[in-house]
Amino acid sequence: MSKVDATARAEVRRRRTFAIISHPDAGKTTLTEKLLLFGGAIQMAGAVRARKAARHAVSDWMKMEQERGISVTTSVMSFEYPIPGIPADAPDIERLANVNLLDTPGHADFGEDTYRVLTAVDSALMVIDGAKGVESRTEKLIEICRMRDTPVITFVNKFDRECLAPLELLDEIEDKLGIPCVPWTWPIGMGKRFKGVYHLVDQQLHLFKPSDKAGEDNLELSEGIPVSGIDDPRIDELLGDQADDLREDIELLEGAGAEFDREAFLAGKQTPLLFGSAMNNFGVRELLRTFVSLAPPPQQREAIVGKAAIEPPKPGDPVETRMIAAVDPEFSGFVFKIQANMDPNHRDRMAFMRICSGKFARGMKAHHVRLGRDVGMSNALAFLARSRELVEEAWPGDIIGVPNHGTIKIGDSFSGGSKLRYTGIPSFAPELFRRVLLKTPLKAKALAKGLRQLSEEGAIQVFKPLLGATWVVGAVGQLQLEVMKHRLLDEYSVEAAYEHVDFTTTRWVTPNLEGYAKQDLDKVMSNFKRKCEENLYVDGHDDLVYLAPNKWNMIKTEERFPELRFEATREHS
Ligand code: G4P
């Protein structure tokens with residue numbers, strides 16, 4: 001094996017790229033902050049929270065977003081952390097994990113963004129509020145993780161408060177989310193009687209000292225106390241009458257027989273479960289250690305290769321796919337997020353690219369597969385600790401920011417020259433629609449430009465009717481529409497009225513290639529376009545979309561045209 005190969009393998013092996021998923025208020029911001037503190041990436045609690053606070057009101061959020069620089073630096077947070085079990089004198093490349101934490105937008109309306117971020121991670125950390133159990137948004141997010149078999153580690157937070165019984169929580173996670181849990185730590189009491197956790201894997205007791213400095217940067221945590229097993233009399237000394245409760249729980253758990261199975265975890269079919277209190281820094285270090293040792297490094301990913309990577313295949317054309325290993329020497333990556341107009345004077349845009357294989361080195365060119373040309377990457381940024389800095393080198397699992405003027409779209413793939421396109425970055429069917437009526441027709445061009453850019457950024461979806469010229473915009477949530485209005489006015493000086501349109505759902509329409517001959521499909525398609533003209537639009541990617549006034553109409557239309565496929569999500573191409 002050459003030296004470069006060995007370096008590449010080691011760099012890939014130490015990467016851990018993940019996102020935190022949770023229902024609002026479960027403690028994601030608090031935990032993010034504590035992970036960064038333990039990882040040495042920030043010195044002070046409060047940095048992440050300050051940003052979240054500004055998000056509570058739409059207006060504040062917008063003001064905040066105008067200072068885009070801030071949200072860009074906190075979009076990806078990278079730090080190093082020792083991998084448990086590797087000797088302290090081993091070289092850094094073996095000893096230190098390189099952790100990339102990708103932020104997911106806090107507001108529920110930005111679900112789409114969150115989904116796309118989840119396509120760029122190799123694992124997820126699920127935070128559950130111990131008092132509330134599994135909540136709705138967590139259920140949705142887990143569905144997305146399941147689509148990609150993303151491994152999930154679970155942290156049950158807020159045990160310094162009265163919570164649901166731990167066994168009940170475990171049942172709830174298994175029932176509602178359908179993932180068997182493997183307790184890694186187990187809580188001893190809760191609320192006022194919270195004594196700490198028993199580390200089932202390390203056989204250690206971690207005692208909770210309700211910190212009067214809760215919320216401050218008190219990282220002086222004592223190490224776990226080793227015990228010889230659950231029957232060790234030291235447990236009685238340390239826990240008093242709660243020792244027997246713990247033993248009872250452990251006995252029940254052992255009876256339930258959930259053994260850790262690494263393969264099942266890596267396939268997203270089992271989740272290690274830890275308990276703690278992020279606010280009190282309690283359980284966070286154990287969580288980070290467990291995460292770093294269990295979470296997988298970048299894996300192989302599926303890409304469409306050859307001609308189909310550049311242009312949508314014609315009906316009946318074969319589509320060739322290939323699994324691309326993270327250690328494949330050819331550079332490759334895909335864009336999962338675009339943030340535009342960070343500096344309104346420059347109209348610049350930042351594309352967030354997840355590197356999937358090869359090495360990124362400053363000064364190199366990468367092949368922009370969709371455009372079929374090589375582009376310079378000398379101004380790409382890395383997201384290290386608190387600052388953005390020019391990236392010298394980056395490896396699979398890392399995220400780099402590529403400034404551009406609109407040449408890069410969400411879903412674009414880059415390579416060292418090969419035609420390849422990574423799959424699986426979804427668009428979701430919007431549920432809120434507005435017709436955009438310009439106040440002055442002179443602004444039609446600015447509107448088209450603004451809408452196109454916002455749609456490429458993934459901020460909204462745009463639809464142009466087959467019949468007529470009035471744009472319709474679609475969003476998954478109300479806040480998304482508010483942000484769009486604000487940005488059209490602020491960045492493109494477009495004043496418009498946004499008229500409610502009676503559509504409730506969207507379906508992307510393509511011919512159903514299974515079982516129908518091409519010439520029949522062409523006929524069906526033109527018949528469909530004639531019959532359903534007023535419901536037909538093309539989206540920002542020029543794909544055909546059916547906008548339905550109600551569910552009943554959608555069902556009827558689908559029944560009328562069995563030769564066509566009506567899809568609720570669409571992959572970016
Ligand atoms: P989110 O990002 O998931 O929405 O949650 P966030 O971290 O903001 O936490 C939501 C609330 O829960 C915050 O309270 C936070 O302090 C509290 N919290 C987080 N972790 C713990 C914990 O371990 N124990 C307890 N008891 N509370 C916790 P808040 O009142 O909304 O905000 P703040 O006034 O504390 O800033």
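Start with strand β23, residues 413–415: 3 bridges join it to strand β14, and the two run antiparallel. This is a predicted model. Select glycine 333 in β14, then phenylalanine 414 in β23; the two are bridge partners.

**β14 and its other neighbour**

Now select residues 332–340, the whole of β14. Is this strand mostly covered or mostly open? It is mostly covered, with 8 of its 9 residues buried. Add residues 349–357, which form strand β15. β14 and β15 pair in the antiparallel sense, over 8 bridges. To check the register, pick serine 332 and look across to serine 357 in β15, which stands opposite. Turn on backbone hydrogen bonds here. Strands of a sheet pair through such bonds, either parallel or antiparallel. Show the side chains as well. In a regular strand they alternate between the two faces of the sheet.

**Whole chain**

Zoom out and colour by secondary structure. The protein chain has 17 helices and 34 strands. Of its 573 residues, 43% are buried. Take the contacts between residues at least 6 apart in sequence: 72% of them join residues at least 24 apart.

Next, colour by pLDDT. The chain averages 86, and 85% of the residues score at least 70. Select residues 54–62, where the pLDDT is below 50. Beyond near neighbours in sequence, that stretch has 12 contacts in the model. Then select residues 64–73, where the pLDDT is also below 50. This second stretch has 17 contacts beyond near neighbours in sequence. For the model as a whole, the ipTM is 0.98 and the pTM is 0.81.

**The ligand**

Centre on the ligand and show the residues around it. Which of the 17 come nearest? They are Lys28, Thr29, Thr30, Ser277 and Met279. Now highlight helix α2, residues 28–38. This helix gives the largest share of the shell, 3 residues. Colour the shell by residue type. It divides into 7 polar, 6 charged and 4 nonpolar residues.

**A four-strand sheet**

Move to strands β7, β8, β9 and β10. They form an open sheet in that order, β7-β8-β9-β10, with antiparallel pairing. The edge strands are β7 (185–188) and β10 (225–226), each pairing on one side only. Look at the β7 edge. There, β7 pairs with strand β8 (residues 196–199) over 4 bridges, in the antiparallel sense. Select threonine 185 and find histidine 199 opposite, in β8.

Follow the chain on to glutamine 203, in the loop between β8 and β9 (204–207). Check its backbone angles. Phi is positive, about 50°, although glutamine 203 is not a glycine. Most residues other than glycine have a negative phi. Glutamine 203 is partly exposed, because 15 other C-beta atoms lie within 10 Å.

**Another positive phi**

Jump to aspartate 149. Where does this residue lie? Aspartate 149 is in the loop between α8 (136–147) and β5 (152–157). Its phi is near 55°, a positive value in a residue other than glycine. Aspartate 149 counts as exposed, because it has 11 C-beta neighbours inside 10 Å and the cut-off for exposed is 12 or fewer.

**β27, β31 and β32**

Select strand β31, residues 536–539. Strand β27 (residues 461–465) is joined to β31 by 3 bridges, and the two run antiparallel. Pick proline 465 in β27 and look for tyrosine 537 of β31 opposite. Keep tyrosine 537 selected. In β32, its bridge partner is valine 545. β31 and β32 (residues 544–548) pair in the antiparallel sense over 3 bridges.

Now trace the hairpin of β31 and β32, which has 4 residues between the strands. Stop at aspartate 542, which takes a positive phi near 65° there.

**Last stop: helix α16**

Select residues 518–531, helix α16. Run a distance between its end C-alpha atoms: they are 20 Å apart. Why does that fit a helix of 14 residues? At 1.5 Å a residue, α16 should span 20 Å, so the two values agree. Show the surroundings too. Of the 14 residues of α16, the number buried is 1, so the helix lies largely in the open.

Note on methods
Residues are numbered from 1 along each chain as its sequence is written. This is a predicted model: local features need pLDDT of at least 70, side-chain atom pairs count only at pLDDT 80 or more; totals for chains, interfaces and linings use all residues. A residue is buried if 20 or more other C-beta atoms lie within 10 Å of its own, exposed if 12 or fewer, and partly exposed in between; C-beta atoms are placed from the backbone. Two strands pair if DSSP finds at least two bridges between them. A residue is near a molecule or strand if its C-beta atom, placed from the backbone, lies within 6 Å of it. Ala, Val, Leu, Ile, Met, Phe, Trp, Tyr, Cys and Pro count as nonpolar, Asp, Glu, Lys and Arg as charged, and the others, Gly among them, as polar. pLDDT is the predictor's confidence in each residue, from 0 to 100. Two residues are in contact if their C-beta atoms, placed from the backbone, lie within 7 Å. The expected span of a helix is 1.5 Å times one less than its number of residues.
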